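This report goes through one protein structure, from its overall make-up to single residues.

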Amino acid sequence: MSRKLRMVLLVGLCVAGLLIVAVVGLYWAAKHEPAFYCNAMATSETDLTDGSQQMLREAAALESVGQRNGRWQAVITAAHLNGWLAVDRAKNHPNLLPPTVHDPRVAIDAHGITIGCRFDHPMVTTVLSLNVQPFLSESNVVGLRIVRARAGAIPLPLGQVLDAVSETAHAADLSLRWRHTDGDPVALVSLPEDDDARHLVRIDKIELRDGEIRVSGTTRRQKP
């Protein structure tokens, strides 16, 4: 075997080895499960059921906001929201997610909201995660700064995420416009006005804390 041929074979083996290492690395990176997701999935069935029931009570209380005058505040915790996602959503709203997506969970801290779910792909089952920073841009206009999206530990392009946000807003008949902040896309969602002009519900503040999000506002109800 000539020296030149041996060099070609050696280079080819090195390239093949690097490709194998890269593929294996990508596979295991895709299989990585974020810590917040592992912690949420470890919650007991009893706690999930209790959280789901509490979330339904909180949603009913929030719905009644427009029926009374004055200041109001709603507190939504990650524990209650995860309970609803695992119990009531799975039981009563199974078609909210496509068949390839299951076990959605969220985590909330002072820096943002992280949403995760399992995604079944023919090649690998991975955990998709999306980090969003919500804020109040102006009265009744909620901003969603989309920071990052990952499949396991692998960063994902945001194009499909932005399309999904736009489609969801359109399906819900919400006004949506986009801007950028320090390179991150920001969705500005205008909340719909009440058809009854006698009801005026305003969101004044959105505050993130560890494990919860607090929303406060004012309702002005005029007499007919």
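The text below covers overall content, helix packing, an aromatic pair and several loop and strand residues.

**Overall content**

The model is predicted. The protein contains six helices and ten strands. Of its 224 residues, 32% are buried. Taking contacts between residues at least 6 apart in sequence, 54% join residues that are at least 24 apart.

**Helix α3 and its packing**

Helix α3 covers residues 45-63, which is 19 residues. From first to last C-alpha, α3 reaches 27 Å, close to the 27 Å expected at 1.5 Å a residue. Its buried residues are Leu 48, Gly 51, Ser 52, Met 55 and Glu 58. Seen down the axis of α3, these buried residues fall within an arc of 130°, so they line one face of the helix.

What do the buried residues of α3 pack against? Their partners are two strands, β1 (70-77) and β2 (101-109), and two helices, α4 (78-86) and α5 (88-92).

The pairing with α4 can be described in more detail. Two packed helices are described by the distance between their axes and by the angle between those axes. For α3 and α4, the axes come within 7 Å and cross at roughly 105°. Roughly perpendicular covers angles from 65 to 115 degrees, so α3 is roughly perpendicular to α4. On the α3 side, the contact is made by Leu 48, Gly 51, Ser 52, Gln 54, Met 55, Leu 56 and Glu 58. On the α4 side, Ala 79, His 80, Leu 81, Asn 82, Gly 83, Trp 84 and Ala 86 take part. Leu 48, Gly 51, Ser 52, Met 55 and Glu 58 thus appear both among the buried residues of α3 and in the contact with α4.

**Helix α6**

Helix α6 (residues 159-171) has 13 residues, which at 1.5 Å a residue should span 18 Å. The end C-alpha atoms of α6 are 18 Å apart, in agreement with that value. Just after α6 comes Asp 173, with a positive phi of about 60°.

**Aromatic pair**

The structure holds one aromatic pair. Phe 36 and Tyr 37 form this pair, with an edge-to-face arrangement, 6.3 Å centre to centre and 80° between the planes. Edge-to-face applies to planes over 60 degrees apart. Both Phe 36 and Tyr 37 are buried.

**Residues with positive phi**

Besides Asp 173, positive phi values occur at Asp 103 and at Asn 140. Neither Asp 103 nor Asn 140 is a glycine. Asp 103 lies in strand β2, whereas Asn 140 lies in the loop between β4 (125-138) and β5 (141-151). The table lists the phi values.

| Residue | Phi |
|---|---|
| Asp 103 | near 55° |
| Asn 140 | near 65° |
| Asp 173 | about 60° |

Are Asp 103 and Asn 140 buried or exposed? Asp 103 has 27% relative accessibility and therefore counts as partly exposed. Asn 140 has a relative accessible area of 6% and is buried, since buried means under 20%.

**Asp 210**

Asp 210 sits in the loop between β9 (199-209) and β10 (212-221). With a relative accessible area of 65%, Asp 210 is exposed. Which residues does Asp 210 touch, not counting residues up to four places away in sequence? They are Ile 108, Asp 109 and Ala 110. Asp 210 and Ala 110 are 100 residues apart in sequence, yet their C-alpha atoms are 5.6 Å apart in space.

Definitions and conventions: Residues are numbered from 1 along each chain as its sequence is written. This is a predicted model: local features need pLDDT of at least 70, side-chain atom pairs count only at pLDDT 80 or more; totals for chains, interfaces and linings use all residues. Side-chain values use heavy atoms; hydrogens and water are left out. Rings of Phe, Tyr and Trp (its six-membered ring) pair if their centres lie within 6.5 Å; planes under 30 degrees apart count as stacked, over 60 as edge-to-face and the rest as tilted. Buried means under 20% relative accessible area, exposed over 50%, partly exposed in between (1.4 Å probe, protein chains only). Helices (H or I, at least four residues) and strands (E, at least two) are DSSP runs, numbered from the N terminus. The expected span of a helix is 1.5 Å times one less than its number of residues. The arc is that of the directions from the helix axis to the C-beta atoms. Contact means heavy atoms within 4.5 Å. Axes are lines fitted to C-alpha atoms, for helices over the stretch in contact, and angles run from 0 to 180 degrees between N-to-C directions. Angles under 35 degrees count as roughly parallel, over 145 as roughly antiparallel, 65 to 115 as roughly perpendicular and the rest as oblique.
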